[in-house]
Amino acid sequence: MASLLQKTKLDKELVDYIVYGTVIQEVKTSNIGREAALSAGFSDKTPAHTVTMACISSNAAITTGMGLIATNTYDVIVAGGVEFMSDVPIRHSRKMRSLMLKANKAKTLGQRLALLSTFRPGFLAPELPAVAEFSSGETMGHSADRLASAFNVTRKEQDDYALRSHVMAKKAQESGYFTDLVPFKVRGVDQVVDKDNGIRVSSPESLAKLKPAFSDGASACLIMTEEKAKQLGLKPKAYLRDFLYVSQDPVNQLLLGPAYGIPKLLKKAGLTLKDIDSWEIHEAFAGQIVANLKALDSDWFCKTYLGLSEKVGTPDLSKWNNWGGSLSIGHPFAATGVRLCMHTANRLVREDGKLGVVAACAAGGQGVAMLLERYPGATAD
């Protein structure tokens, strides 16, 4: 948030409202949007709230802000997302929590001793934040594997796609395209973090041995009407032209949000695959992304689940995640939506495109699809 103000040179007093997304919430800062805003020096007169929609939380933050602008409630909105997965909250077990709450209400020594007698060592087993779906009890990785199996995605296809993501990200990084990144100084660490450190181009054999990792990260964007931007002397990057959310079976189709969202968005906007100059699609897993591509190119899937007369087809992969994606850059859950939008805006400038599509899946069998249009005269700095 502080970096956004520094980058845009915007007077923080002009920000009317702040919306932030997060997935794994810290109880002490449950409304992280408000707490972070105060810490970043925003006015205490600027309201803020926090949203959660799994991996598309910052998309939800952006579109919430868009709604506040569209209803003429506010003019200038800061939206973003944050995830701090290297320090997630770990809870006592439910039995231990219950015991502690009862102990707090116990008034006599006898009542406290009676409660103490019910204690068992197993109560001390901690509860980690769940990466499993609440509705199915299944982890997202298992869902991705079953989805890959359903669409006959081979291990080689997954490894090839993952390697492509890393190669594209490294090329974009070395070309100086990640201008939306700001250096960050970690307290107690001398070295400044000035670039994504998860990008690793290696052989398919080496890539197959890597363990999965979760990322820390935060993002922020400034949204307002074109008229307001001109009034403030700001130079926009892109228009957010359209968006929609989708949801489907959270068990067998948990990660098919892009396959459901993209056709609906294109139909709503009166566009075809060929009209899109930039695709930025969240890479939850290599198997997930390849399965979504195969679903879009499947007559059976498109007819059975989308109610279409034929398959949507395969997007032009020369325009697909050209700067890498979540597999290589990382995926701090709630921060990714803004990253996808910023990459789209900057890619449209550097690749001389006009329209870009952002799409992502999310826990709970949900998804988002967004249409961005390059702003005339926009730059990628």
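Me: What makes the order S2-S1-S3-S4 a sheet of four strands, and is its pairing mixed or uniform?
Reply: The sheet is open and its pairing is mixed. Strands are DSSP runs (E, at least two residues; helices are H or I, at least four), numbered from the N terminus. Two strands pair if DSSP finds at least two bridges between them. The model is predicted: local features need pLDDT of at least 70, side-chain atom pairs count only at pLDDT 80 or more, and totals for chains, interfaces and linings use all residues. Residues are numbered from 1 along each chain as its sequence is written, and side-chain values use heavy atoms, without hydrogens and water.

Me: Why do S2 and S4 stand at the edges?
Reply: S2 (48-51) and S4 (216-224) each have a single partner strand, so one side of each lacks a neighbour in the sheet.

Me: How do you know that S3 and S4 pair?
Reply: S3 (residues 76-84) and S4 are joined by nine bridges in the antiparallel sense, and the pairing rule asks for at least two. Ile77 stands opposite Ile223 in S4.

Me: What makes the second largest pocket a pocket, and which helix gives the largest share of its lining?
Reply: A pocket is an open set of points on a 1 Å grid over the protein atoms alone, where a 1.4 Å probe fits, with protein on both sides within 12 Å along at least five of seven lines; lining residues have an atom within 4 Å of a point. Under that rule 15 residues line the second largest pocket, with Pro263 and Lys267 among those nearest its centre. Helix H10 (residues 257-269) gives the largest share, five residues.
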